[in-house]
Amino acid sequence: MAGFIAGLPVLMGYLPVGIAFGLLARTQALPAGLALALSVFVFAGAAQFMAVGLLASGSAVWGIIAATFFLNLRHLLMSSSLVARHRFPAWLSPFLAFGVTDETFAVASSAPTAASPQKNGSYVLGLETAAYTAWVSATAVGYSFGSVLPERVAAAMGVALYCLFTALLVPRIRKAWFPAVVAAAAAGINSCLASGFGVAPGLSFVIALLASAGVGAAVAPNAAGKEAAA
Amino acid sequence: MNVFLLVAGMALVTYIPRLLPFVALRSESLPPYVRRFLSLLPVAALGALIFPDGVTAVPGRPWVSVAGIAVAAVLSVLRLGMVASVLGGVGAAWLLLVVL
């Protein structure tokens, strides 16, 4: 189905990242069940990596849950963006909502709006299915076999997630200069808040997002403000 | 440490924000400002996701991390696709770790 095919790049991008996650969980001595459960039930790469780091540094469970909430709060905005552009079948929505991640959102929001909610729904479902199956199986593979990877390969795989984000960002900013400014502003604000002011990671994300997109939408020049630019 | 609580808690606080707009936001007629805001969210989110965390992607080697991301950016500019960008970026980072 068309959605699944559209999701293939995300699937392939998720393989090294998922393996990196499984491997990281293993090297941090997390139980296999926990690593897999995180990928199966949370399905949020950045948050999962963050959780492993927090567990390693001895954070309390409630602290990790709170951090996850703020880090993933951006998905609320992403879902809002999707729902604003497409109509989906009501019964399918709970499933579609589960699979909203940074990458599936980036691909889904580039998709043309189909004629019927059914088509929109099956497209996004196919896309998310590709991403999800890759993520879960890669976690399992990374956990089980990751230790056969040489140390430098495993270390290098740490950039996989950020390369994926980069690959999603570049096509969006090459067309017009304004989105690039917004992206840079978000990056700058997030960096300042998190590094300079010691704001909690999830919270600084949301502030950076709201500020950059909020101001951007207010001052957007007409050409760059079109939804098609997203 | 209660593993079930951790997973269930993380799953819930992740899923509910994702779900809310699907069940609550039924309005088709959003004001233009809101539409522009929502359409700028993807680029803003991606920018904030790459920095500052991308710099610490390879533990202890910020410049290797940045180089990996830069290679991914170049490959993306060359329209070589997501897979090439990820593999190229990881490959470049690995190469630097070998050489340095």
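Student: Which residues touch the most other members of the largest nonpolar core?

Tutor: A nonpolar core is a set of buried Ala, Val, Leu, Ile, Met, Phe, Trp, Tyr and Cys residues joined through side-chain atoms within 4.5 Å. Buried means under 20% relative accessible area, exposed over 50%, and partly exposed in between (1.4 Å probe, protein chains only). Here the largest core has 97 residues, and A:Y14 and B:M10 touch the most other members. Helix α2 (residues 32-50) of chain B gives the most to this core, 11 residues. Helices are DSSP runs (H or I, at least four residues), numbered from the N terminus.

Student: What kind of model is this, and how is it numbered?

Tutor: It's a predicted model: local features need pLDDT of at least 70, side-chain atom pairs count only at pLDDT 80 or more, and totals for chains, interfaces and linings use all residues. Residues are numbered from 1 along each chain as its sequence is written, chains are lettered from A and ligands numbered from 1 in the order in which they are written, and side-chain values use heavy atoms, leaving out hydrogens and water.

Student: Where do unusual backbone angles turn up?

Tutor: Most residues other than glycine have a negative phi, and most peptide bonds are trans. Yet A:A29 has a positive phi of about 65°, and A:F43 has one near 50°.

Student: Is each of those two buried or exposed?

Tutor: A:A29 is exposed, at 66% relative accessible area, whereas A:F43 is buried at 2%.

Student: Which peptide bond is cis?

Tutor: The one from B:F51 to B:P52, with omega near 5°.

Key. Helix = DSSP H or I, 4+ residues; strand = E, 2+ residues; numbered from the N terminus.
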